[in-house]
Amino acid sequence: MEYVRLGTTGMKVSRICLGMMSYGDPAKGSEWILDEAASEPIVRRAADAGVTFFDTADTYSSGSSEEVTGRLLSKIFPSRDDYVLATKVFFPVHKGVNNRGLSRKHIHAAIDDSLRRLGTDHVDLYQIHRWDPDTPIEETMEALHDVVRAGKARYIGASTMYAWQFAKAQHVAEVNGWTKFVSMQNHYNLLYREEEREMNPLCADQGVGLIPWSPLARGLLARAGSEESTTRAGSDPRIDALYTEADNDRQILDRVAQVAGEKEVPPAQVALSWLLHQPGLSAPIVGATKDKHVDDAIAAVDLALTEKELAFLAEPYRPRTVKQ
């Protein structure tokens, strides 16, 4: 496993981040969610391979993902300092008009709830899950700064917004002497590259680390060249919403399958390796519900792609509607 600094911070993370959205209570989430007993061997496999970066969110399985994440990591790692723990705030966990968004009220309540569920006194990275149009960004950034100053989070990050929004948030923090974002968790993979227009260059210029979600396009890239389906593929409406617009998706998938065949590796390794070769990329957030998902992610770190192969994979892409 390789380890890199998260953006320009001094904190190092594994080049693969294990997304914990797949673990929790199936009764509180989707049918593809694994319970704690089924999750443990997969998380242990990742940790044994050197993964030290784990990402969840308060809203995943109505909080049960954080509960499972906290129990498993405390069981697997000898010390809290041995891993980097990230969670997010914005979406509701319970009912209530103030149980959502990025108001000072919700942020301070949410971080305390997350820490309780995670069984720790701090998270290493506290991220805003979305932009909140109903709350002044000054209120949000000062509240996040207070969370850091209270020792409840070491760093803050953002996810899924327009570049102008991210730039505004960073500017507000800078002029007020508040904590700035060190990471951007954005939607980025071979089938969706609109972030290359503005967000990725902005983050590169500002030294913000990229930790993209859905690096395998909700499994489509992992199944390139195959008609295999999965439980999630059959029950996740976001797949069609995000990836069936572009006519050239099939051409990209065919090229992923072709390169994978030539290298005699699974398509997932090729797609992840392409992403890991991109500028400013710290660690893609990979979901795993099977051992092979972990193995492919780990192997992708060491899979070299030539400049010709990288260009071959990227060439069919055409601009598409921005989707968050």
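**Exercise 1. Tryptophan 164 and its surroundings**

Task: In this predicted model, determine in which helix tryptophan 164 has its place, whether the residue is buried or exposed, and which residues form a nonpolar patch with Trp164 on the surface.

Solution.
Step 1. Tryptophan 164 is found in helix 5, which covers residues 163–176.
Step 2. The relative accessible area of tryptophan 164 is 52%. Exposed means over 50%, so tryptophan 164 is classed as exposed.
Step 3. Tyr162 and Val322 join Trp164 in a nonpolar surface patch. Together, the three side chains Tyr162, Trp164 and Val322 account for about 320 Å² of accessible area.

**Exercise 2. Two residues with positive phi**

Task: Locate alanine 217 and arginine 218, state the phi of alanine 217 and of arginine 218, and decide whether alanine 217 and arginine 218 are buried or exposed.

Solution.
Step 1. Alanine 217 belongs to the loop that runs between strand 9 (209–210) and helix 7 (237–243). Arginine 218 also lies in the loop between strand 9 and helix 7.
Step 2. For alanine 217, phi is near 50 degrees, which is positive in a residue other than glycine. For arginine 218, likewise not a glycine, phi is positive at about 55 degrees.
Step 3. Buried means under 20% relative accessible area. Alanine 217, at 0%, therefore counts as buried. Arginine 218, at 18%, also counts as buried.

**Exercise 3. Salt bridges between and within parts of the chain**

Task: State how many salt bridges the structure holds, and describe the pairs formed by aspartate 146, lysine 180 and lysine 263.

Solution.
Step 1. The number of salt bridges in the structure is 20.
Step 2. Aspartate 146 pairs with arginine 104 through their side chains, at an N to O distance of 2.9 Å. Because aspartate 146 sits in helix 4 (residues 137–149) and arginine 104 in helix 3 (residues 104–118), this pair ties together parts 42 residues apart in sequence. Aspartate 146 is partly exposed at 27% relative accessible area, and arginine 104 is partly exposed at 30%.
Step 3. Lysine 180 and glutamate 174 form a salt bridge through their side chains, with an N to O distance of 3.4 Å. Lysine 180 is partly exposed, its relative accessible area being 29%, whereas glutamate 174 is exposed at 53%.
Step 4. Lysine 263 forms a salt bridge with glutamate 309, and their closest N and O atoms are 3.4 Å apart. This pair links distant parts of the chain, since lysine 263 is in helix 8 (residues 249–263) and glutamate 309 in helix 11 (residues 307–314), 46 residues apart. Lysine 263 is partly exposed at 26% relative accessibility, while glutamate 309 is buried at 15%.
Step 5. A further group consists of Glu40, Arg44 and Lys75, joined into one network by salt bridges that share partners.

**Exercise 4. Cavities and their linings**

Task: State how many cavities of 30 Å³ or more the structure holds, and give the lining of the largest cavity and of the second largest cavity.

Solution.
Step 1. Two cavities reach 30 Å³ or more.
Step 2. The volume of the largest cavity is about 50 Å³. Its lining consists of Ile16, Leu18, Ala46, Val51, Val286, Ala288, His293, Val294 and Ala297. Helix 10 (residues 291–302) supplies the largest share of this lining, with three residues. By character, eight of the lining residues are nonpolar, one is polar and none is charged.
Step 3. The second largest cavity holds about 30 Å³ of space. Thr69, Gly70, Leu73, Tyr83, Leu85, Leu118 and Thr120 line this second cavity. Helix 2 (residues 64–76) gives the largest share of its lining, three residues. Four residues of this lining are nonpolar, three are polar and none is charged.

**Exercise 5. A pair that is far apart in sequence**

Task: Place methionine 11 in the chain, decide whether methionine 11 is buried or exposed, and give the separation of methionine 11 and tyrosine 155 in sequence and in space.

Solution.
Step 1. Methionine 11 occupies the loop between strand 1 (3–5) and strand 2 (12–14).
Step 2. With a relative accessible area of 11%, methionine 11 is buried.
Step 3. In sequence, methionine 11 and tyrosine 155 are 144 residues apart. In space, the distance between methionine 11 and tyrosine 155 is 9.4 Å, C-alpha to C-alpha.

Terms used
Residues numbered from 1 in each chain as written. Predicted model: local features only at pLDDT ≥ 70, side-chain atom pairs only at ≥ 80, totals over all residues. Heavy atoms only, no water. 1 Å grid on protein atoms, 1.4 Å probe; cavity = no way out; pocket = protein on both sides within 12 Å on 5 of 7 lines; lining within 4 Å. Points joined across faces, edges and corners; volume = space filled by probe spheres on them. Helix = DSSP H or I, 4+ residues; strand = E, 2+ residues; numbered from the N terminus. Nonpolar A, V, L, I, M, F, W, Y, C, P; charged D, E, K, R; others polar. Patch = residues over 30% accessible without salt bridge, like charges linked within 9 Å, V, L, I, M, F, W, Y side chains within 5 Å. Areas by Shrake-Rupley, 256 points an atom, 1.4 Å probe, with all protein chains shown as cover. Salt bridge = Lys/Arg side-chain N within 4 Å of Asp/Glu carboxyl O. Buried < 20%, exposed > 50% of the residue type's maximum accessible area, 1.4 Å probe, protein only.
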